[in-house]
Every structure is written in structure tokens, then in C-alpha cells.
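Q: Could we go through this structure together, starting with the rings and then moving on to the cores?

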Amino acid sequence: MKRGFRGKVMTASSGGEDLRYLEDGLLVFGDDGRITSVEPFGGPPDGVLVRDVRPFLLAAGFVDAHLHYPQTRVIGSATGPLLPWLERTVFPEEARFLDERHATAVAAELTRRLALAGTTTAVLYSSSDPRATRVLFEALARSGHRGFVGLTLMDQHCPEPLRVDADHALAACAELASAYHGHDRGRLAFVITPRFAPTCSRALLEGAGRLAEERGLFVQTHISENADECRAALALHPFASDYLDIYDRTGLLGERTLLAHAIHLSPGEWDRVRARGARIAHCPDSNFFLGSGRMRLAEARARGIPVALGTDVAAGRTFDVRRIMSSAYDNATCLGDPITPEALFRLGTLGGAEALGIARETGSLEPGKDADFCVIELPDYVEGRSDVLSRIVFSSDTTPVRETYVRGKRVEGG
């Protein structure tokens with residue numbers, strides 16, 4: 001039997017920048033978890049079990065394109081800037097993931113937080129430990145989330161407990177990809193994940209690039225988050241002309257590359273991001289918190305570069321992609337590059353799916369796509385497209401997520 005949810009509906013639409021809004025809509029999906037219709041409510045259709053959630057909103061599930069699983073418990077730790085923060089807070093916490101019991105407990109916390117935030121798709125850095133990465137994959141398999149997960153690659157300039165030499169790390173990547181990539185009709189994916197250029201030797205970067213090409217895997221990494229990081233990257237990799245060139249020359253820059261932060265890219269680097277077809281994960285909250293700087297979203301948008309939003313937990317202070325929408329608005333306003341609430345909602349949903357190459361399956365509530373959505377509480381006096389959108393994008397603490405679904409099945413976490 002088909003199931004339906006009746007309520008307000010808000011979604012981005014493929015092939016357009018505007019949002020579709022229904023004051024009284026009906027979302028219907030089949031046993032296979034795929035949407036069959038999204039229409040104004042006109043009475044219960046035959047053969048559809050309808051649940052009425054009015055005055056709540058049915059929204060496309062949110063896409064978090066950048067966060068760190070091993071940093072779940074150090075969220076909000078203010079010991080920046082970036083490089084000292086890694087040394088003092090992040091690396092000691094990530095070393096704890098050598099303990100499988102700790103990794104298991106944190107994975108349960110993480111999936112629960114994602115469900116509470118309405119996040120249906122997450123792109124995650126694991127630790128450098130393969131066992132902890134398996135723990136995360138298994139937690140996501142149980143919770144029902146879509147997950148892009150990578151073993152964090154580091155073979156230099158990091159604490160010894162976290163260092164894994166290139167041969168062992170790449171072998172572990174191949175094993176993890178064989179075990180989990182494409183699981184459950186592509187719900188889980190393995191991602192090649194160099195932490196960033198300073199902690200990776202050229203041999204490791206080149207090996208990672210070859211493996212990504214051979215297996216057709218996505219690549220995620222950090223770039224130009226912090227001025228000191230930029231200088232360190234070039235000092236350690238003098239073969240490159242600039243930071244982006246490190247990844248380009250080692251085979252890591254292409255149409256399946258997701259670059260996080262991109263604050264200090266030069267105009268020429270932005271042009272090459274576009275030319276190579278790479279994508280950007282915009283993380284404005286963590287950029288503010290660590291004092292790293294402000295990424296010019298307008299640089300990417302003017303070039304047609306796909307952009308997704310990332311919470312960047314733990315330097316980001318929230319698991320809620322909607323709060324990142326609000327932070328992205330503040331960031332753009334401060335730079336004199338205003339952005340509309342409609343564009344922000346799209347970035348956090350369909351824009352994220354487009355950046356990850358999964359927009360045919362998810363990111364919007366449209367027939368033929370998977371029923372990835374969340375139910376958001378709205379006061380009964382909030383009505384109309386403009387008021388609803390403002391509440392969702394700019395006042396997430398007054399509009400909590402009550403339920404989250406992937407392929408029509410509720411995800412819980414924990």
C-alpha cells in the first residue's frame with residue numbers, strides 16, 4: 001500500500017531556482033520508498049494510507065556535505081586557530097577512536113544527532129583507523145541515513161597514533177570500498193579522504209588519486225581554510241605552484257572532488273576549480289569560529305561551481321544544516337554579496353545533492369525520487385510561503401525537526 005503525508009510542503013525543484021510551496025499538500029510514496037506524487041491535497045486517493053501532520057511542514061531532507069565523525073564530542077571547543085586547535089583538541093580526541101567501544105558509542109550519538117537535525121545525507125570524515133571507519137559504516141547502515149564516508153589519510157605531521165603509512169592506508173581504503181561502496185542501492189559510499197595536504201606525503205596523495213580513478217570514487221579534502229595552513233602546504237609540497245595545484249598534480253582534482261572551505265583561493269584557483277569540474281563545501285560557521293576568514297560564495301556562484309553546505313562539526317557548532325543556511329546568509333551579507341532565503345534553502349537540500357552527484361535520487365520532493373524528507377514543527381499561525389521559509393532558514397530553534405525519513409523509512413540513530 002502506498003503511504004501519504006498531508007501538510008505544508010516546501011522543496012526545491014530540478015531545473016529551476018525557485019521553490020515549490022503547497023499550503024496544504026500531499027506527499028505520496030510507494031513501498032519501494034520512491035515518491036509517486038506531490039500535489040495539493042484534494043482528498044485521500046484510493047489505496048493510499050494518509051497521515052495528517054498539519055500544521056507541520058514536509059521539507060526535503062537536508063544534505064550536510066562536510067563533518068567529522070570523530071569530533072562529535074568536542075563540538076564547540078574554542079581552542080583555535082586551525083593548526084593549534086588540531087594539535088590541542090582534535091588529534092587527542094581522534095586518537096581515542098583506536099578504542100572500538102568509544103567509536104561505537106560516538107557513532108550512535110552521531111546518527112541520532114543527524115536524525116534530530118533532519119539530515120538525510122551526510123558526507124563524513126572518519127578517523128585514520130579502519131576499524132572505527134567500519135563502525136561508522138555499520139551505524140549508518142542500521143540508522144538508514146545516506147552516508148559518504150572516508151578513512152582520513154595522514155602519514156606525516158600528525159601524532160604517531162594517528163599516522164598510517166601510505167601502503168597500509170591505501171590497502172585499507174580498497175578493503176573498505178569493496179565492503180561498503182554502493183551498499184543498499186548506493187545509500188552508502190566510500191570516499192577517498194586525504195585530511196589535507198600538510199598531513200599527506202606526495203606518495204600518499206598520488207596513491208589516493210590513482211585509487212579514486214580506478215574505483216570511480218569521490219574525493220573529499222580541505223583546502224585554503226587558514227593562511228598558516230596554506231603556507232605549510234606549499235612548504236611541504238614545493239612541486240606545486242599553489243595550494244590547488246597540489247591536488248591537481250597528484251590526480252585528486254576533478255569532477256568527483258569536494259573541496260571544503262576554499263576561503264583563500266586566488267581568482268586563478270577559482271577558475272581552475274571550475275575548469276576541473278570540482279565542487280565546494282561551504283562551512284561558514286566553522287570559518288567564523290576558528291577565525292579562518294570568509295569564503296566568497298559569490299566566487300563559486302558566478303562561475304557555476306556546484307556548492308553544498310557543511311556543518312563542519314566540531315569546528316562548526318551545530319549539526320543543524322538550517323543554522324548553516326543562516327550563517328551563510330550572514331557571511332554573504334558581511335561580504336556585500338547578498339543571497340536570498342530561497343537560494344540558501346536550495347543549497348542545503350537539492351544543491352547539496354547536485355554537488356554529490358545524487359540529485360536524480362534525492363535533494364527534492366519530486367516524483368521518481370526517493371522519499372527523503374523531514375517533518376518540521378510549525379506554529380499554526382505561521383502561514384504562507386514567505387513566512388514559512390523565513391522560519392525554516394532563520395529560526396530553526398522555533399521550528400524543530402520532529403521526524404526524518406530516507407526512502408520513506410524513519411531514521412532514528414542511536
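A: Let me start with a definition: a charge counts as sitting over a ring if NZ of Lys or CZ of Arg is within 6 Å of the ring centre and within 35 degrees of the ring normal. Please keep in mind throughout that this is a predicted model.

Q: OK, so which ring face does Arg6 lie over?
A: Arg6 lies over the face of Phe41, at 3.7 Å from the ring centre. There is also Arg202, which lies over the face of Phe239 at 3.9 Å from the ring centre.

Q: And ring against ring, how many aromatic pairs are there?
A: The count comes to 12 aromatic pairs. One of them is formed by Phe29 and Phe373, and it is tilted, with 6.0 Å centre to centre and 50° between the planes.

Q: Why does that pair tie together parts that are apart in sequence?
A: Phe29 lies in strand β2 (residues 19–29) whereas Phe373 lies in strand β14 (residues 373–376), so the pair ties together parts that are 344 residues apart in sequence.

Q: Are those two buried or exposed?
A: Phe29 counts as buried at 1% relative accessibility, and Phe373 counts as buried at 0%.

Q: What about Phe373 and Tyr405, why is that pair stacked?
A: Planes under 30 degrees apart count as stacked, and the rings of Phe373 and Tyr405 have their planes at 10° and their centres 4.7 Å apart, so this pair is stacked. Tyr405 belongs to strand β15 (residues 401–406), and the pair links distant parts of the chain, 32 residues apart. Tyr405 is buried, as is Phe373, and together with Phe5 and Phe29 they form one aromatic cluster.

Q: Switching to helix α14, which residues are buried there?
A: In α14 (residues 385–394), the buried residues include Val388, Leu389, Ile392 and Val393. Seen down the helix axis, the buried residues of α14 fall within an arc of 120°, so they line one face of the helix.

Q: What covers them?
A: The cover includes strands β1 (2–12), β2, β4 (48–60) and β14, as well as helices α12 (321–334) and α13 (341–355).

Q: Last topic: which residues have the most contacts inside the largest nonpolar core?
A: Those are Tyr69, Ile192 and Phe345, in a core of 123 residues. Helix α4 (residues 166–180) gives the most to this core, with nine residues. Apart from this core lies another, of 15 residues, among them Phe29, Ala60, Leu365 and Tyr405.

Q: And what does Tyr69 touch, leaving aside its neighbours within four places in sequence?
A: Tyr69 is in contact with residues including Phe97, Val106, Leu110, Leu124, Tyr125 and Leu136.

Methods. Residues numbered from 1 in each chain as written. Predicted model: local features only at pLDDT ≥ 70, side-chain atom pairs only at ≥ 80, totals over all residues. Heavy atoms only, no water. Phe/Tyr/Trp six-rings, centres within 6.5 Å; stacked < 30°, edge-to-face > 60°. Helix = DSSP H or I, 4+ residues; strand = E, 2+ residues; numbered from the N terminus. Buried < 20%, exposed > 50% of the residue type's maximum accessible area, 1.4 Å probe, protein only. Arc of directions from axis to C-beta. Contact = heavy atoms within 4.5 Å. Core = buried A, V, L, I, M, F, W, Y, C linked by side-chain atoms within 4.5 Å.
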